[in-house]
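Here are my notes after going through the model, in numbered points. Keep the 3D view open while you read.

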Amino acid sequence: MRPFGTTIFAEMSALAVRTGAVNLGQGFPDTDGPPEMLAAAEQALRGGRNQYPPGPGIPELRAAVGRHQQRFWGLGYDPDGEILITAGATEAIAATILALCEPGDEVVCFEPFYDSYAASIALAGAVRRPVTLTPSETGNFGFDPERLRAAFSDRTRLVLLNSPHNPTGKVFARAELELIAALCREHDVYAVTDEVYEHLVFTDSAEQHIPLATLDGMRERTLRISSAGKTFSCTGWKIGWVSGPRALISAVTRVKQFLTYVNGGPFQPAIAVALDLPDEYYQGFRAGLQDRRDQLAAGLRQAGLRVLPSDGTYFITADISDKSKKDGIGFCLELPERVGVAAIPTQVFYDNQEPARTLVRFAFCKRESVIEEAVTRLAGL
Ligand SMILES: *Cc1c(COP(=O)(O)O)cnc(C)c1O
């Protein structure tokens, strides 16, 4: 693990604290989640639910995760054996890769990738085969289908897909997903999907969120991962889950029991309450973030940056080349001192950094007044 060092999020958050910068780096909300959920957690905490929950997660949460996937995506999973509660999506990803990969197996994934992917693949002794997402003239990120095809080999064990995609805000289109699914079937490999932003596709996006598991022949080979942190603004609670065929969930459970065994006792019943909230909660949550996205996009443009489209997630990308001679890392290291805002250089999420040298990721999952302050400061660029 020597090459991994400190994550860029920790580094930039520490810099933001040291300089008093508005932190649009790390993607965590600055408001609490729905009051019903907070009340349920408080009740559980005072109501004797503070010991080890059952290994697979409490039954009421597994049932709620099952109902939620049926309600939004028409996917049926048996809460007894096809759903496992984990310590956030991060543990679900790690346990899944460790369960499925032997040393030397290959994992196809799209870069830029979420920073835990490379580390989890390394922990399993597996090898990552990145397929590069590059922005087109319109700023929409895409990949070369031939490169994707070429990334598969007879050592491929699984494809790791994140959509809606952090850091680009890309939502994979049906045709792209169909190609990924066809390659999974052709090479008889698993798919692991990170869908933590499943409820954050904006209403003006040309794409909808389509879980890969809903495509032909995919449910039986897909482990579908999501988490409460992003949807219910409780990233510190670390409640996630993985759903899939019984035999695969059983393999993941075997790994998970020796990573954390269980987690989040009193938070599990609270997330069960949150998942059952009416559609209006989910719509209101998305509408709020879409407003923040638009507010930040307008501010970045006013500051003279070129803004790339964001169809979903907590994030928007700006190209800094009109405002800085430096690359994204140099720009982000000096931005807190220069104007008092922190952001994350997109290039750190790539193995092959060239297509993203001047791209910077800004998080808009913050209060309106905080974005307003950031926009005022960015005007000083
Ligand atoms: C935040 C995030 C995660 C981690 O989710 P946790 O539930 O906090 O572990 C995983 N994948 C992506 C793409 C994320 O943005």
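1. Let's start with what the buried face of H3 packs against. In this predicted model, the buried residues of H3 pack against S2, S9 and S10, and also against helix H10 (267–275) and helix H11 (279–302). Those buried residues are Leu61, Arg62, Ala64, Val65, Gly66, His68, Gln69 and Trp73. An α-helix has 3.6 residues a turn, so residues three or four places apart point the same way. The helix length checks out too: at 1.5 Å a residue, the 15 residues of H3 should span 21 Å, and the end C-alpha atoms are 21 Å apart, which agrees. Right after H3 comes Gly74, with a positive phi of about 65°.

2. Next, the sheet. Seven strands make up an open sheet with mixed pairing, and the order is S2-S10-S9-S8-S7-S3-S4. Which strands stand at the edges? They are strand S2 (83–87) and strand S4 (127–132); each has a single partner strand, so one side of each is left without a neighbour in the sheet. From one strand to the next, the twist averages 25°. If you want a pair to look at, take S9 and strand S10 (residues 239–243), which pair in the antiparallel sense over four bridges. Arg224 has Ser243 in S10 as its bridge partner.

3. Now the helices on the sheet. Helix H3 (residues 59–73) packs on the sheet and touches S2, S9 and S10, with a direction about 110° from that of S2. Helix H9 (residues 246–259) packs on the sheet as well, touching S2, S8, S9 and S10, and its direction makes about 25° with that of S2.

4. A bit more on H9. Its 14 residues reach 20 Å from the first C-alpha to the last, close to the 20 Å expected at 1.5 Å a residue. The buried residues here are Leu248, Ile249, Val252, Val255 and Lys256; yes, there is a lysine in that list. They pack against S2, helix H4 (88–100), S8, S9 and S10. After H9 comes Tyr261, whose phi is positive, near 65°.

5. His209 deserves a look. It lies in the loop between strand S8 (190–194) and strand S9 (222–227). Is it buried or exposed? At 9% relative accessibility, His209 counts as buried, because the cut-off for buried is under 20%. Its side chain makes a polar contact of 2.8 Å with the side chain of Glu195. Leaving out residues up to four places away in sequence, His209 touches Trp73, Ser163, Pro164, Val171, Glu195, Glu198, Val201 and Arg224. Two of those names have come up already: Trp73 is among the buried residues of H3, and Arg224 is the bridge partner of Ser243.

6. On to the backbone. Most residues other than glycine have a negative phi, and most peptide bonds are trans. Against that background, please check two cis bonds. The peptide bond from Glu111 to Pro112 is cis, with omega near 5°, and Pro112 sits in the loop between strand S3 (106–111) and helix H5 (115–123). The bond joining Asn166 and Pro167 is also cis, with omega about 10°; Pro167 is in the loop between strand S7 (156–162) and helix H7 (174–187).

7. There are positive phi values to check as well. Asp188 is not a glycine, yet its phi is positive, about 50°. It is placed in the loop between H7 and S8, and it is exposed, with a relative accessible area of 60%. Lys238, also a residue other than glycine, has a positive phi near 55°. Its place is the loop between helix H8 (228–231) and S10, and at 36% relative accessibility Lys238 counts as partly exposed.

8. Last, the cysteines. How many disulfides does the structure hold? Zero. Take Cys184: its sulfur is 13 Å from the closest cysteine sulfur, in Cys109, which is too far for a bond. Cys184 is buried, with a relative accessible area of 0%. For Cys365, the closest cysteine sulfur is in Cys234, at 13 Å, again too far for a bond. Cys365 counts as buried too, at 5% relative accessibility.

Conventions:
Residues numbered from 1 in each chain as written. Predicted model: local features only at pLDDT ≥ 70, side-chain atom pairs only at ≥ 80, totals over all residues. Heavy atoms only, no water. Disulfide = S-S within 2.5 Å. Buried < 20%, exposed > 50% of the residue type's maximum accessible area, 1.4 Å probe, protein only. Helix = DSSP H or I, 4+ residues; strand = E, 2+ residues; numbered from the N terminus. Polar contact = N/O pair within 3.5 Å; in protein donor to acceptor, adjacent residues only side chain to side chain. Contact = heavy atoms within 4.5 Å. Pairing = 2+ DSSP bridges. Axes fitted to C-alpha atoms, helices over the stretch in contact; angles between N-to-C directions. Expected span 1.5 Å × (residues − 1).
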